[in-house]
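Please look through the sequence and the model below before reading on. The report then goes through selected features in turn.

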Amino acid sequence: MNQGLLLRFENVMQLRGACLQLRALSSRKVCGAQWKPVQLSAYPMGSLLLHPQLWPKHRLISAALSQCRHLATKEETKTQKKKIQLTKGEVEIRQKMTVEELAQAMGKDIDHIYEALVYTDINLDSVEPDSVLNEDHIKMVVQKSGMKYKSAKLKEEKERKNTDAPCFCCNYRPPADPAVLTPRPPVVTILGHVDHGKTTLLDSLRKTQVASMEAGGITQHIGAFIVHMPSGEKITFLDTPGHAAFSAMRARGTNITDIVILVVAADDGVMQQTIESIQHAKNAGVPLILAINKCDKPEVDPERVKKELLAHDVVCEEFGGDVQAVNISALKGENLMVLAEATVALAEMLELKADVTGLVEGTIIESWKDKGKGPLTTAIIQRGTLRKGCVLVAGKTWAKVRFLFNENGKAVDAASPGIPVEIMGWKESPSAGDEILEVESEQRAQEVVAWRTYVEQQERMKKDLEVIEAKQKEHRLEYEKKQQKLAHLTWRQRKAALYKANKHLMFSRPKEKTEMDENTLSLIVKGDVDGSVEAILNILDSYDCEDECKLEIVYFGMGDISENDISLAEAFNGVIFGFSVKANQSIKKLADKKGIKIKLHSIIYKLIEDLKDELNSRLPPTVVETTIGEASVLNTFSVTVGRNRIPVAGCRVHKGLLDRKMKFKLIRNRDVIWKGCLSSLKHHKVDVQVIKTGMDCGLSLDKNLEISIGDEIICYEEKEVQQTTSWDPGF
């Protein structure tokens, strides 16, 4: 009786638990959540299996559903239908999909994709949510998830029409009619080694004080000036930096010039940048004029310079060549008119002429940003006449010319070929060296810029795809090697072994970007002009010590230090390096508050030295051993201490001293046998702290080792020394 009542009571409680679970299941299905069984603490669901004959399954479910009915709305019905479509397991895939896109298409989370990728040849360390998977891996992931795949319909992208400027893309513009050509001033570039007097030479020619304004007397970026000769001729001079860091600037100056004046100091002779300048002139096919500077100094030999240049195929006229050589003193102004006349004579021989009609063509010498004027450029006009209102295209930006300025900062209405001019009106700062072309309208300029941006994106995507395919090929080879090692196992054992080997990688996937490694230096580089930033980046490209400290350039650009630079430096734990730029007091206070370093310099080599010091500070200290004393083992014996026999070495110090507080090492046949401390040091049975040169002693080691006659005992001290980077920027 009691047993029957107990069974009935138990079944009633089971029915109640089933009703609660089915009600939860119904609501969870409508809401789209995953159903998980809820167990009652007193009467678990598993106890239903004890008496299945009393409550059949269909009666139990029908009774439960009769107690709980759910009225679904239209939106819930749509959601339910969508979920039913997902459960069919058909996934639309494309040839290339990111991990995140595949997870969304499958209705899974990203960790599920990582778990499925364990069975593939992909290196999980290199997989991020935005990593691109190829079609084979996508299909494998879908199949491992128990789903089917179908290819999505591809939208055929129409071939984009080339809307680039015709003069650049297909040499559309024909050469000018010789009848309309007019003489133009020669464009002369001053080249030479750093501090050989190039800026002083221009200073003397222009009767201004440019050299005193340059930081450290070194030209930091290119300048273009017009020199008016007493005879009425005009010469356009380009002053290029001679420092090693500005090689790209010198090459750019050479490519748009007509004549190169090679300045060589009579006291120094031919130097590294002198040779480089000669090579730039040869590559551009530009004639040379040799200016031997500093001839006013006593005991200088200009003839030595001419002979040294013979080794570099620069043959002066007195040696039967065609290179004019002029001995000058830029500081005292000696023979400068002779040099100018030689330049004018060579220009007349070259018959330099240009077309002043039609669309404008030119080259950007330098670009920078001004707070009041916006992006500015210095340019040399090579064809046509530039006026206000002209629409120009350069690189991936365009301009409607608002103002033109000459080299003295005065507004001008027009600029003809061979004349340097400052252009105001650019939408963005173009790069130094970009070619300028005038177009018909603003709409045409926007089309050209859009096409060039599109071409650059396509080239970048192509390069990225090549890198991805190369990495995938590398990982596939590694995967095949692993498979060969597991070839003797069954397929179940192989899968289990692969999963076990890669399981830790799956669970260690970072959800977000982790903090930067302490051994990484992140840089924000700001410069006054585009050429200066370019020179700094070229130096940083030569960094080849990634194993010591990683160097990452977070951002680079032109202009003064801004709050955005501070925010970037804070986010990446970086350092801001500024070249010939400023940081106002509010920016400095903000940087101090956030602990951001701002390093401002106006001389290139000092900036690089500061950068090397910053790299050194990121390197861990190294331990250096300093030898204090050396002793030779003359005899060995042992002493009894308690029940132990301890080996003792009889030694004589022949260099330095032995200090018991220091560390020791035992050397036998030039091999280090032992390192450690002494357990005892005695002199004539007396414990001592120090044994000096020429004294005998007995010592025992803190480890029971066999010591042989002829062994060396070295006393040394360990010191932590700050490492220095092995990076050599080349100057």
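The text below covers salt bridges, contacts along the chain, backbone angles, surface patches and one annotated region.

The model is predicted, so local features need pLDDT of at least 70 and side-chain atom pairs count only at pLDDT 80 or more, while totals for chains, interfaces and linings use all residues. Residues are numbered from 1 along each chain as its sequence is written, and side-chain values use heavy atoms, with hydrogens and water left out.

## Salt bridges

A salt bridge here is a side-chain nitrogen of Lys or Arg within 4 Å of a carboxyl oxygen of Asp or Glu. The structure holds 29 salt bridges. Three of them are listed in the table.

| Pair | Closest N and O atoms |
|---|---|
| Arg184 and Asp258 | 2.8 Å |
| Lys306 and Glu318 | 2.5 Å |
| Lys665 and Glu625 | 2.9 Å |

The places of these residues are given by helices (H or I, at least four residues) and strands (E, at least two), which are DSSP runs numbered from the N terminus. Their cover is described by relative accessible area: buried means under 20%, exposed over 50%, and partly exposed in between (1.4 Å probe, protein chains only).

The salt bridge of Arg184 with Asp258 links distant parts of the chain, 74 residues apart. Arg184 is in the loop between strand S5 (181-183) and strand S6 (187-192), and Asp258 is in the loop between helix H10 (247-255) and strand S9 (259-265). Asp258 counts as buried because its relative accessible area is 14%.

Lys306 and Glu318 form a salt bridge, and the two residues are 12 residues apart. Lys306 belongs to helix H12 (residues 302-310), while Glu318 sits in the loop between H12 and strand S11 (324-327). Is Lys306 buried or exposed? Lys306 is buried, because its relative accessible area is 5%. Glu318 has a relative accessible area of 49%, so it is partly exposed.

Lys665 forms a salt bridge with Glu625. Lys665 lies in strand S29 (residues 663-668) and Glu625 in strand S26 (residues 622-641), so this pair ties together parts that are 40 residues apart in sequence. Lys665 counts as buried because its relative accessibility is 14%. Glu625, at 32%, counts as partly exposed.

Salt bridges can also join into a network, and one network links Lys597, Lys599, Asp610, Glu614 and Arg618.

## Contacts between distant residues

Gly698 is part of strand S34 (residues 696-701). The C-alpha atoms of Gly698 and Gly650 are separated by 4.6 Å, and the two residues are 48 residues apart along the chain. Gly698 counts as buried because its relative accessibility is 18%.

Leu437 belongs to strand S21 (residues 435-439). Which residue, 76 residues apart along the chain, has its C-alpha atom 4.8 Å from that of Leu437? The residue is Glu361. Leu437 has 4% relative accessibility, so it counts as buried.

## Positive phi angles

Two residues that are not glycine have a positive phi. Glu299 has a phi of about 60° and lies in the loop between strand S10 (288-293) and H12. Glu299 is exposed because its relative accessible area is 85%. Asn335 has a phi of about 65° and is placed in the loop between S11 and helix H13 (336-350). Asn335 has a relative accessible area of 41%, so it is partly exposed.

## Surface patches

Patches are made of residues with over 30% relative accessible area and no salt bridge; like charges are joined within 9 Å, and nonpolar side chains (Val, Leu, Ile, Met, Phe, Trp, Tyr) within 5 Å. Lys and Arg count as positive and Asp and Glu as negative, while His and the chain ends are not counted. The place of a charge is taken as NZ of Lys, CZ of Arg, CG of Asp or CD of Glu. Accessible areas come from the Shrake-Rupley method with a 1.4 Å probe; for residues, only the protein chains shown count as cover.

A patch of negative charge on the surface gathers Asp544, Glu546, Asp547, Glu552 and Asp728. Asp728 is in the segment after strand S35 (712-721). Asp728 counts as exposed because its relative accessibility is 56%.

Phe637, Val639 and Val641 form a nonpolar surface patch, with about 250 Å² of accessible area together. Phe637 is in strand S26. Phe637 counts as partly exposed because its relative accessibility is 44%.

## An annotated region

An unreviewed UniProt entry lists residues 458-485 as "coiled-coil region". UniProt positions are given in the numbering used here, feature names are shortened, and annotations may be inferred rather than shown by experiment. In the model, residues 458-485 are 100% helix and 0% strand, and the end C-alpha atoms are 41 Å apart.
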